[in-house]
Amino acid sequence: MTTHSTTVGYFPGVRMRRMRRDAFSRRLMRENRLSTDDLIQPLFVLDGEKQRQPVPSMPGVERLSIDLLLEEAGRLVELGIPAIALFPVTPPDLKTPDAREAYNPNGLAPRAVRAVKAQFPELGVMTDVALDPFTSHGQDGVLDDQGHILNDETVEILVKQTLCHAEAGVDIVAPSDMMDGRVGAMREALEAADHVNTRIMAYSAKYASSYYGPFRDAVGSAANLGAAGKQTYQMDPANTDEAMREVALDLEEGADMVMVKPAMPYLDIIHRVRTTFGAPTFAYQVSGEYAMLMAAAKEGWLDERACALEALTAMKRAGADGILTYFAARAAQWLREDENK
Ligand SMILES: NCC(=O)CCC(=O)O
Ligand SMILES: [Mg+2]
């Protein structure tokens with residue numbers, strides 16, 4: 001029987017700093033690694049041609065018309081980014097209480113999907129399934145007389161939106177609305193319409209977060225929403241077990257991938273989802289997380305590259321298989337530069 005020396009596991013036999021001393025041994029024991037394969041680039045799409053608008057609260061992010069979106073998509077393919085997520089900026093006159101523009105086959109999202117898939121078939125294209133870019137009141141669902149968001153009526157519209165995007169050739173539909181039962185309804189409709197390979201990435205644990213502000217500026221829904229909140233359908237930031245139930249339901253209903261959103265303030269949720277379910281798990285580093293880093297970087301208070309890569313690596317460490325991030329293109333560029341060093 002072998003017994004270990006009592007000094008094993010103690011200083012000075014154990015010096016944790018030995019392995020950290022040189023780059024080679026730091027590299028050998030590195031447990032998690034961010035790769036370009038992990039990145040999904042969200043993009044804001046505008047109507048018109050040759051339109052490029054910066055988003056003031058998201059430095060480095062621009063809204064693009066479809067012609068310029070295609071140029072950007074080409075750059076992302078060249079960088080090796082596997083997928084993009086498209087967010088249409090709906091002109092105010094097309095927003096209605098019933099969000100009917102959400103399933104217009106000639107709407108901005110399906111047109112953008114068709115254009116990107118025609119030119120870059122290998123690039124994964126994902127669209128949001130939710131009504132907030134299309135409602136005059138900025139909520140993710142249709143309202144009853146008292147202003148409550150109606151669940152089942154909203155799900156019916158989400159199904160129309162899903163089929164509209166699937167017809168356009170989207171690879172992944174991503175319900176971000178947090179209505180109950182929408183994943184099952186979408187999956188059933190996709191199967192029935194022979195879109196059996198359209199993947200669903202469910203925004204399963206989407207929190208009623210205050211970090212979405214810059215995104216609402218970017219898609220122009222902030223003014224519509226006003227002071228109203230989304231607490232009756234998005235989750236309370238105080239909760240964890242509830243997120244587990246949301247994820248379990250979405251997987252049972254046929255989600256291929258689940259998502260936790262936001263990311264950095266919710267690393268514990270990402271970790272618990274990944275370790276509990278073992279399903280493909282995604283994190284959304286949201287607009288407010290991006291804006292915080294960029295604002296501090298602009299002031300010279302933080303190093304943009306170092307902090308962005310650290311944040312993204314932390315999401316991987318927590319268990320994310322992939323990350324939606326406004327840093328995706330820059331991160332891919334930085335990773336490439338590091339490889340070539
Ligand atoms: N459905 C997509 C989002 O709501 C994004 C939020 C953000 O980036 O703040
Ligand atoms: Mg749910």
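## Two annotated lysines and their surroundings

With 26 C-beta neighbours inside 10 Å, lysine 206 counts as buried in this predicted model. The exercises below start from this residue.

**Exercise 1.** Decide whether lysine 206 and lysine 261 are buried or exposed.

*Solution.* Take the cut-off: a residue is buried if 20 or more other C-beta atoms lie within 10 Å of its own. Lysine 206 has 26, so lysine 206 is buried. Lysine 261 has 24, so lysine 261 is buried.

**Exercise 2.** Place Lys206 and Lys261 in the fold, and find what the UniProt record says of them.

*Solution.* Start with the strands. Lysine 206 lies in strand β7, residues 199-206. Lysine 261 lies in strand β8, residues 257-261. Now turn to the record. The unreviewed UniProt entry annotates Lys206 and Lys261 as "active site". They are spread over 56 residues of sequence, yet cluster in space, with a largest C-alpha distance of 4.9 Å.

**Exercise 3.** List the contacts of each lysine, leaving aside residues up to four places away in sequence.

*Solution.* Lysine 206 contacts Ser176, Met178, Gln234, Met235 and Lys261. Lysine 261 touches Tyr203, Lys206, Tyr207, Tyr284 and Val286. Each list names the other lysine.

**Exercise 4.** Identify the shell of ligand 1 and sort its residues by type.

*Solution.* First, name the shell: Asp128, Ala130, Ser176, Tyr212, Phe215, Val286, Ser287 and Gly288 surround ligand 1. Next, sort: four are nonpolar, three polar and one charged. Then compare with Exercise 3. Ser176, a shell residue, is in contact with lysine 206. Val286, also in the shell, touches lysine 261.

Technical notes: Residues are numbered from 1 along each chain as its sequence is written. Chains are lettered from A and ligands numbered from 1 in the order in which they are written. This is a predicted model: local features need pLDDT of at least 70, side-chain atom pairs count only at pLDDT 80 or more; totals for chains, interfaces and linings use all residues. A residue is near a molecule or strand if its C-beta atom, placed from the backbone, lies within 6 Å of it. Ala, Val, Leu, Ile, Met, Phe, Trp, Tyr, Cys and Pro count as nonpolar, Asp, Glu, Lys and Arg as charged, and the others, Gly among them, as polar. UniProt positions are given in the numbering used here, feature names are shortened, and annotations may be inferred rather than shown by experiment. Helices (H or I, at least four residues) and strands (E, at least two) are DSSP runs, numbered from the N terminus. A residue is buried if 20 or more other C-beta atoms lie within 10 Å of its own, exposed if 12 or fewer, and partly exposed in between; C-beta atoms are placed from the backbone. Two residues are in contact if their C-beta atoms, placed from the backbone, lie within 7 Å.
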